[in-house]
Amino acid sequence: MLEQSLLMVKPHAFTAKKTGTIISMLEDNDFQIVGIKSIKLTPELARRFYFVHQGKEFFERLINYMSTGTVAAICVEKDNCVADLRKFIGATDPAKAAEGTIRKIVGVTVEQNGVHASDSVDNARKEIRFFFSDIELYSYRYLQY
Ligand code: CMP
């Protein structure tokens, strides 16, 4: 089924100019980009985005890190997008990520693991709405070339 998901390029990967590499990897693997923007998260915005991790041991470090620099939010679309994108980014720890995955290529540590991707269809809908309004998104199913 055609789905959309949210991928976020984390601050160190954005600063290290890996956004282009990540976009190419997505496009070369049939993830259609249907929305894209860069934004500097405030601690408050980072807390809202990662609220499901509130209370965890690493939460404050995560919020601090995610508000240190610019991130890129990318909405992608393909069949089975949410599960396929999770597989394509690789394991949370880049050291354990499979060859050819985004985190294997641009990740450094568990915290600086390069990218985030939505973990369910429901969370994808919420995370896409967090970054994008209706007029900033379109679906390839409506494109008539
Ligand atoms: P992400 O997919 O963005 O979702 C939550 C993030 O928390 C995760 O990637 C990691 O970057 C980070 N994270 C998860 N576990 C730890 C940990 N033990 N220490 C530091 N950061 C973590």
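V108 is found in the loop between α6 (102-106) and β4 (115-117), where helices (H or I, at least four residues) and strands (E, at least two) are DSSP runs numbered from the N terminus. The model is a predicted one, in which local features need pLDDT of at least 70 and side-chain atom pairs count only at pLDDT 80 or more, whereas totals for chains, interfaces and linings use all residues. Residues are numbered from 1 along each chain as its sequence is written, and side-chain values use heavy atoms, with hydrogens and water left out.

With a relative accessible area of 55%, V108 is exposed; the term exposed stands for over 50% relative accessible area, buried for under 20%, and partly exposed for values in between (1.4 Å probe, protein chains only). Leaving aside neighbours within four places in sequence, V108 is in contact with H12, P94 and N113, contact being defined as heavy atoms within 4.5 Å. From C-alpha to C-alpha, V108 and L45 are 24 Å apart in space, and 63 residues separate them in sequence.

N113 also appears among the residues that surround the ligand, which are K10, Y50, H53, F58, R61, L62, T92, R103, V110, E111, N113 and H116; a residue is taken as near a molecule or strand if one of its heavy atoms lies within 4 Å of it. Polar contacts are pairs of N or O atoms within 3.5 Å; within protein, one atom must be able to donate a hydrogen and the other to accept it, and residues adjacent in sequence count only if both atoms are side-chain atoms. An N or O atom in the side chain of Y50 is 2.6 Å from an oxygen atom of the ligand, and for the side chain of R103 the distance from such an atom to a ligand oxygen is 3.0 Å. In the case of R61, a side-chain N or O atom is 3.5 Å from a nitrogen atom of the ligand.

L62, another of the residues surrounding the ligand, belongs to helix α4 (residues 59-66), whose buried residues are F59, L62, I63, Y65 and M66. Seen down the axis of α4, these buried residues fall within an arc of 165 degrees, so they line one face of the helix; the arc is that of the directions from the helix axis to the C-beta atoms. Their cover includes β1 (2-9), α1 (11-15), α3 (43-49) and β3 (70-79).

Strand β3 is itself mostly covered, with eight of its 10 residues buried. It pairs with β1 in the antiparallel sense over eight bridges, pairing being assigned if DSSP finds at least two bridges between two strands, and L6 stands opposite C75 in β3. Strand β2 (residues 32-40) also runs antiparallel to β3, joined to it by eight bridges, and here I33 stands opposite V76.

C75 is buried, with a relative accessible area of 0%, and C81 is likewise buried at 0%. The sulfur of C75 is 7.6 Å from the closest cysteine sulfur, in C81, which is too far for a bond. The structure holds zero disulfides, a disulfide being a pair of cysteine sulfur atoms within 2.5 Å.

Between β3 and α5 (81-89), the loop contains N80, which counts as partly exposed at 37% relative accessibility. Not counting residues up to four places away in sequence, N80 touches M1 and E3, while N80 and L137, 57 residues apart in sequence, are 18 Å apart in space, C-alpha to C-alpha.
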